[in-house]
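Welcome, and please take a moment to turn the model around before reading on. The paragraphs below walk through it one region at a time.

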Amino acid sequence: MSILKVRIYGDNVLRTKSKEVTKISKKIHTLVENMLQTLYAYNGVGLAAPQVGENLRIFIIDVSSAKEPRNPIVFINPKIIKKSGATNSHEGCLSFPDVYADVRRYKNVTVKALNMAGKPFILEAKDGELLAIAIQHEFDHLDGKLFIDHARNRFETDEKLIANKLNPIDMDYFLEEPELEEEISKQPINNEGENG
Ligand code: NI
């Protein structure tokens, strides 16, 4: 197993739509093992294949705390089949060192995916819990979307990006999401976040 190089914002691989996995081959097993090792090496919550340079529809999430046993979930060819509600999420991403932003997310999501054995499973995550946020964050990576595209304050986010020598938000990718924003703006701020 090896720790893979995490691609940083500005790398085209992060803006490329990923392809479905057609066979869970030995190569896929090795990639996932290396992604897990990379996730733990960086103390992340989630990691998507494009972040390690592979435009394949795979991501991994582990929301367990440092005190708990590791509990990785592997998602292959995921589809978000249900989403509802809205929540503010304070997020970072391993592809954006030291940048955190408040972003708009759905509160509840249901995802369908294949596990490493190629068996389909359905997972429901509710109430804006870390898992619900992480699923949306990682799923976005497979479509070339990034958390800053959902930023609630894009000027403040631009300042943070520039301060960290990263490109500002690209308006070709920015998502306005007025319905989510309207619902979130009525709520008290909750500071749960994810780092993936
Ligand atoms: Ni990320």
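## A guided walk through the model

The lining of the second largest pocket is made up of five nonpolar, four polar and two charged residues. Keep in mind throughout that this is a predicted model. To find this pocket, look for Y40, N43, G44, V45, D62, V63, S64, S65, A66, R70 and L130, which line it. Its volume is about 210 Å³.

Now turn to the largest pocket, with a volume of about 270 Å³. Its lining has 15 residues, and the closest to the pocket centre are K83, Y106, D140, K145 and H150. Which elements give two or more residues to this lining? They are β3, β5 (96–105) and α2 (130–142). The largest share comes from α2, with three residues. As for chemical character, the lining of the largest pocket divides into six nonpolar, two polar and seven charged residues.

One of the residues closest to the centre of the largest pocket, K83, is a good place to pick up the strands. K83 sits in strand β3, and its partner across the pairing is V109 in β6. Leaving out residues up to four places away in sequence, K83 touches Y106, N108 and V109. Y106 is also among the residues closest to the centre of the largest pocket. K83 and K107 are 24 residues apart along the chain, while their C-alpha atoms are separated by 7.5 Å.

From here, follow the pairing outward. β3 and β6 run antiparallel and are joined by six bridges. Strand β6 covers residues 108–114, and five of its seven residues are buried. On its other pairing, β6 meets strand β7 (residues 120–125), again in the antiparallel sense and over six bridges. These two strands, β6 and β7, form a hairpin with five residues between them, and there G118 takes a positive phi near 80 degrees.

K112 lets you see both pairings of β6 from one spot. This residue lies in strand β6 and stands opposite I122 in β7. Is K112 buried, exposed or partly exposed? Its relative accessible area is 41%, so K112 counts as partly exposed. Beyond its neighbours within four places in sequence, K112 is in contact with N77, P78, K79, I81, P120, F121 and I122. Of these, I81 belongs to the stretch 73–84 that makes up β3, and I122 is the residue opposite K112 in β7. F75 is 37 residues from K112 in sequence, with 8.3 Å between the two C-alpha atoms.

Another hairpin is waiting in β4 and β5, with two residues between the strands. Strand β4 (residues 87–93) and β5 run antiparallel, and six bridges join them. One pair to look for is S89 and its bridge partner in β5, V103. D102 also lies in strand β5. With a relative accessible area of 27%, D102 is partly exposed. D102 and E91 are eleven residues apart in sequence, and their C-alpha atoms are 6.4 Å apart in space.

Next, look inside. How many residues make up the largest nonpolar core? It has 18, and those with the most contacts inside it are L31, V32, M35, L47, L56, I58 and I60. Three elements, α1 (26–41), β2 (58–61) and β3 (73–84), each supply at least two residues of this core. The largest share, seven residues, comes from α1.

I60 gives a good view of how this region comes together. Setting aside neighbours within four places in sequence, I60 is in contact with V32, M35, L36, L39, V45, G46, L47, I73, V74 and E138. Among these contacts, V32, M35 and L47 are, like I60, residues with the most contacts inside the core. V45 takes you back to the second largest pocket, where it is part of the lining.

A last stop is T157, which lies in helix α3 (residues 154–163). Why does T157 count as buried? Its relative accessible area is 2%, so T157 is buried, because buried means under 20%. Not counting residues up to four places away in sequence, T157 touches A101, I148, A151 and I169.

Methods:
Residues are numbered from 1 along each chain as its sequence is written. This is a predicted model: local features need pLDDT of at least 70, side-chain atom pairs count only at pLDDT 80 or more; totals for chains, interfaces and linings use all residues. Side-chain values use heavy atoms; hydrogens and water are left out. A nonpolar core is a set of buried Ala, Val, Leu, Ile, Met, Phe, Trp, Tyr and Cys residues joined through side-chain atoms within 4.5 Å. Buried means under 20% relative accessible area, exposed over 50%, partly exposed in between (1.4 Å probe, protein chains only). Helices (H or I, at least four residues) and strands (E, at least two) are DSSP runs, numbered from the N terminus. Contact means heavy atoms within 4.5 Å. On a 1 Å grid over the protein atoms alone, a cavity is a set of points where a 1.4 Å probe fits but cannot get out, and a pocket is an open set with protein on both sides within 12 Å along at least five of seven lines; lining residues have an atom within 4 Å of a point. Grid points are joined across faces, edges and corners, and a volume is the space filled by probe spheres set on the points. Ala, Val, Leu, Ile, Met, Phe, Trp, Tyr, Cys and Pro count as nonpolar, Asp, Glu, Lys and Arg as charged, and the others, Gly among them, as polar. Two strands pair if DSSP finds at least two bridges between them.
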